[in-house]
Amino acid sequence: MDLLGTDVLSTLTMAQGAFPEAMPGGTLAHYLFISAGMFCLGLIGFMTRRNLIIMFLCTELMFQAAGLALIAFGRYHMNFDGQTFVIFVLTIAAAEAAMGLALVVLLFRKRESLSGEDWSELKG
Amino acid sequence: MLGPPRVSDGTKPSCVAGKAGASEGALEAIINPLLLYGGCALGAVGVAFALPKRGASLAVIGGIIAAAAAGLVVMGLTFAALPSEGLGEGGLLEGNFGALPNIYFHVFGVLALASGLRMITHPRPVYAALYFILTIVASSGLYVLLSAEFMAFALIIIYAGAILITYLFVIMLATQAPSEEEPDRLSEYDAVAREPVAAAAVGFVLLAVITTLMFSGLPTLERSRSEASPEPALELFHGKWEPDLTESLRAAELIDITETIAIDSGLAELDLSAAPVTVLVTSPVGDSRRVEIPMELIPEGFVATNVERVGMNLLAEHPMTIEIAGVILLMAMLGATVLARKQVDIEEAEKERQARRLGLLEEGA
């Protein structure tokens, strides 16, 4: 590793190149702990909050947690599939936000309320 | 109290014999189980306090308790990561090399968790969305620490720039106007959380289980170095560095003027894993030999950047998935347009009046 200069070495590290480096800033477990914590916060928020918009925001928090875990695992395995899949996670999150918010606007027009419990008689 | 989970070696054939001891007491090696479960319990209490409810607001106390819980677990992780005898060899800590997590990890991680907590506990939706933007910024900081620069910026642009702005618009569109006498009044469904204690308990039991599984299962997970394949991407981008390298090698008289770097159907023969870095050169008569590249001659752009690697991975290995993602986005756009369309009924007389005004109908028709 010393055979390459610091410039090239830093480029290598940035590009996750040929020489696997330690994950900067801790082990995989640290990142997975942050990710699990974010996921559980999102889950608690989804269960407790009664505002439809905040419930959707909490699902976005869970998406975030999944993305962080994907990137951390991709770094751990030294390949780029994790980062690629975060792009798809972002795509799904964008699609979900568009559809979900359109539904929220529709429901708000019908009842003038954002409470999720107003719609509890919807059985499917 | 729950004991440390046993990792059965029989189901993990990849477990190296030398690591058997590490996987037995895996959880203790990473973090003390008492600390982990204590932190989870404390966090559940804190979140249950912090969730909005009628009457005296306990959000500050809850926040402090939850912060203490997070601090407890992070402290446990940090002390476990301190280099000491026997830890440097074992399992998960192999990805650690005895390095203490740096300060940026702690700042971004705590910021992400704290703003996430404030997001789910803030009674006002606009503030919740703004705290979520803070979470996004913090996790993109974590992405930079994981050397995923492109995704970090894409995350800020797409999430904070596009999705969250949509949320803010909808929050402003779909909120009742405050009444004159009580402008700060919260609606009932914002002010009172549903089942805060049960939800916090369930959520943190889930967190405890997930972290137990993660911390006990990971030491047997081997870092698969075989999957690290930098050369193909390097070769695919040979156009970036090959002319420069040929020129500088010729200038340094390491290769003849007639010799060229071997590029066979677009692939450069380049061996990055060998040290020093060598390159295969061929002469017009067909001889080939390996030439060492001196340090100072390694050209710029020799190593593919993060964006190039992600793009190559995206387009070369997941082309069908991109198509499907495009179709999903198109469907979402159509669906959102159809769902949120407002049907306006215009009466016939009104239509006729407007048409007359625009001159579409003849006068007196």
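How many bridges join β5(B) to strand β6 of chain B? Five bridges join β5(B) to β6(B), which spans residues 288-292, and the two strands run antiparallel. The model is predicted: local features need pLDDT of at least 70, side-chain atom pairs count only at pLDDT 80 or more, and totals for chains, interfaces and linings use all residues. Residues are numbered from 1 along each chain as its sequence is written, while chains are lettered from A and ligands numbered from 1 in the order in which they are written. The predictor gives the complex an ipTM of 0.83 and a pTM of 0.75.

**Chain A**

- Chain A has four helices and zero strands, in the order α-α-α-α along the sequence; helices (H or I, at least four residues) and strands (E, at least two) are DSSP runs, numbered from the N terminus.
- Of its 124 residues, 58% count as buried; a residue is buried if 20 or more other C-beta atoms lie within 10 Å of its own, exposed if 12 or fewer, and partly exposed in between, with C-beta atoms placed from the backbone.
- Among contacts in chain A with a separation of 6 or more, 47% are between residues 24 or more positions apart; two residues are in contact if their C-beta atoms, placed from the backbone, lie within 7 Å.
- The mean pLDDT of chain A is 78, and 77% of its residues reach 70 or more; pLDDT is the predictor's confidence in each residue, from 0 to 100.
- Residues 1-22 of chain A stay under a pLDDT of 50, and the model has 39 contacts beyond four places in sequence for them.

**Chain B overall**

- Chain B contains 14 helices and six strands.
- Buried residues make up 33% of its 365 residues.
- Of the contacts in chain B between residues at least 6 apart in sequence, 62% join residues at least 24 apart.
- The average pLDDT of chain B is 74, with 69% of the residues scoring at least 70.
- Among its elements, helix α1 (residues 20-24) has the lowest mean pLDDT, 40, and helix α6 (residues 125-145) the highest, 93.
- The pLDDT is below 50 over residues 1-24 of chain B, a stretch with 36 contacts beyond near neighbours in sequence.
- It is also below 50 over residues 224-230 of chain B, where the model has eleven such contacts.

**Strands around β5 of chain B**

- Side chains alternate along β5(B) (residues 278-282): B:Val279 and B:Val281 point to one face and are buried, whereas B:Thr278, B:Leu280 and B:Thr282 point to the other and are not.
- β5(B) pairs with strand β1 (residues 260-261) of chain B in the antiparallel sense over two bridges; strands pair if DSSP finds at least two bridges between them.
- B:Thr282 of β5(B) is the bridge partner of B:Thr260, and B:Glu292 of β6(B) is the bridge partner of B:Thr278.
- β5(B) and β6(B) form a hairpin with five residues between them, and B:Gly286 in the turn has a positive phi of about 105°.

**Helix packing between the chains**

- Helix α2 (residues 28-48) of chain A and helix α5 (residues 103-121) of chain B pack at an angle of about 5°, with their axes 9 Å apart; axes are lines fitted to C-alpha atoms, for helices over the stretch in contact, and angles run from 0 to 180 degrees between N-to-C directions.
- α2(A) and α5(B) are therefore roughly parallel (angles under 35 degrees).
- Residues making the contact include A:Ile34, A:Met38 and A:Leu41 of α2(A), and B:Phe105, B:Leu113 and B:Leu117 of α5(B).
- By class, this contact of α2(A) with α5(B) has nine nonpolar, five polar and no charged residues; Ala, Val, Leu, Ile, Met, Phe, Trp, Tyr, Cys and Pro count as nonpolar, Asp, Glu, Lys and Arg as charged, and the others, Gly among them, as polar.

Terms used
Angles under 35 degrees count as roughly parallel, over 145 as roughly antiparallel, 65 to 115 as roughly perpendicular and the rest as oblique.
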